[in-house]
Amino acid sequence: MAGLNEKHILKRIARGLVPEAVLSRKKQPYRSPDAVCFLDPDAPGYVQDLFSDAAINRAGIFDSAAVGALTTKCRAVVQMHGGDRSLSNTDNMAIVGLLSAQLVHEHFISNRPQSSEVDITFTTVIDRLTGRTDSGQEAMNT
Amino acid sequence: MKNRQEIAAATRDYIRKNFLYSDSQPLADDQSLLGTGVVDSTGILELITFLEEDFDLRFKDEELVADNFDSVDRISTFVESKLKNHAR
């Protein structure tokens, strides 16, 4: 670190190997992936499914009417203008945020892996009221 | 010609439908749209395009400043004055 000059040491090592223009280039913002790819008519089917009223209500995180209004507007904007410059940053982030939250819900809450095959027995019980601690003989080394 | 109240109502309606996506979110007429994150820099262009189309106006580049567009109040005052000048 040399102040805000990122990768200072790497740049010193690379001097002579990498053009000066690259070494002295300022940090540039980069954001990916953009919402446009999820609003395209060719977007994967799961996107449409996760944005449906039924899926939004099942997860219960977002208001399905508002999500419907947002996705309808954004699809129309993308269809009319195309390209990732057409959506506002706020709408863009809202779409990606919604989809991410819906995906997390779908994979880790709705369809979480069944744990019934793994039999867990607690061998150490700590009673926080009395402070008594029972350790079973087969207690794990924790 | 639409009056100030009608301009404000149309603007509020557009902001609700296109930026807040809700009828229950608070939206005060003197609220800074950019400052409170209701619209961002691209959103303000959407809003300006709507105003130009809906009120059949053309804004000059030098008029595209926050003083004219950063709240429902500012928009209705500015659009009303444009319409009045236009009608002369």
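**Figure 1. Where chain A meets chain B.** In this predicted model, putting the two chains together buries about 710 Å² between chain A and chain B. Carbon and sulfur atoms give 48% of that area. Three residues do a lot of the work on one side: A:Lys73, A:Ser88 and A:Thr90 supply 54% of the area that chain A buries against chain B, more than any other three residues. As for head counts, the contact draws 11 residues from chain A and seven residues from chain B.

**Figure 2. A closer look at the salt bridge between the chains.** Zoom in on A:Lys73 and B:Glu46, whose side chains meet in a salt bridge, 2.9 Å from N to O. The count of salt bridges between chain A and chain B is one. Polar contacts turn up here too, with six residue pairs counted between chain A and chain B, both residues of each pair at pLDDT 80 or more.

**Figure 3. The side of chain A that touches chain B.** Two helices of chain A, H6 (64-81) and H7 (89-110), each bring at least two residues to the side that touches chain B. H6(A) gives the most, with four residues. Sort the residues on this side of chain A by type and you get four nonpolar, four polar and three charged.

**Figure 4. Chain A on its own.** Step back from the contact and chain A shows seven helices and two strands. Follow the sequence and the pattern reads α-α-α-α-α-α-α-β-β. Chain A has 142 residues, and buried ones make up 23% of them. Of the contacts in chain A with a separation of 6 or more, 51% are between residues 24 or more positions apart.

**Figure 5. Helix H2 of chain B and what covers it.** H2(B) runs over residues 41-54. This helix has 14 residues and reaches 20 Å from its first C-alpha to its last, close to the 20 Å expected at 1.5 Å a residue. Its buried residues are B:Gly43, B:Ile44, B:Glu46, B:Leu47, B:Ile48, B:Phe50, B:Leu51 and B:Glu52. B:Glu46 is a familiar name from the close-up of the salt bridge with A:Lys73. The cover over the buried residues of H2(B) comes from both chains: it includes H6 and H7 of chain A, along with H1, H3 and H4 of chain B.

**Figure 6. The two ends of H2(B).** At the N-terminal end, B:Asp40 acts as a cap, with a side-chain oxygen lying 3.2 Å from the backbone nitrogen of B:Thr42. After the helix comes B:Asp56, which has a positive phi, near 55°.

**Figure 7. Helix H4 of chain B and its neighbours.** H4(B) covers residues 72-87, so to speak a run of 16 residues. From first C-alpha to last, H4(B) reaches 22 Å, close to the 22 Å expected at 1.5 Å a residue. Buried residues in H4(B) are B:Val72, B:Ile75, B:Ser76, B:Phe78, B:Val79, B:Glu80, B:Lys82 and B:Leu83. They pack against three helices of chain B: H1 (4-20), H2 (41-54) and H3 (66-69).

**Figure 8. B:Lys84, a residue of H4(B).** B:Lys84 sits in helix H4 of chain B. With a relative accessible area of 43%, B:Lys84 counts as partly exposed. Look for B:Asn3 as well: the two residues are 81 residues apart along the chain, while their C-alpha atoms are separated by 9.7 Å.

Note on methods
Residues numbered from 1 in each chain as written. Chains lettered and ligands numbered in written order. Predicted model: local features only at pLDDT ≥ 70, side-chain atom pairs only at ≥ 80, totals over all residues. Heavy atoms only, no water. Contact = heavy atoms within 4.5 Å. Buried area = accessible area lost by both parts, 1.4 Å probe. Salt bridge = Lys/Arg side-chain N within 4 Å of Asp/Glu carboxyl O. Polar contact = N/O pair within 3.5 Å; in protein donor to acceptor, adjacent residues only side chain to side chain. Nonpolar A, V, L, I, M, F, W, Y, C, P; charged D, E, K, R; others polar. Expected span 1.5 Å × (residues − 1). Buried < 20%, exposed > 50% of the residue type's maximum accessible area, 1.4 Å probe, protein only.
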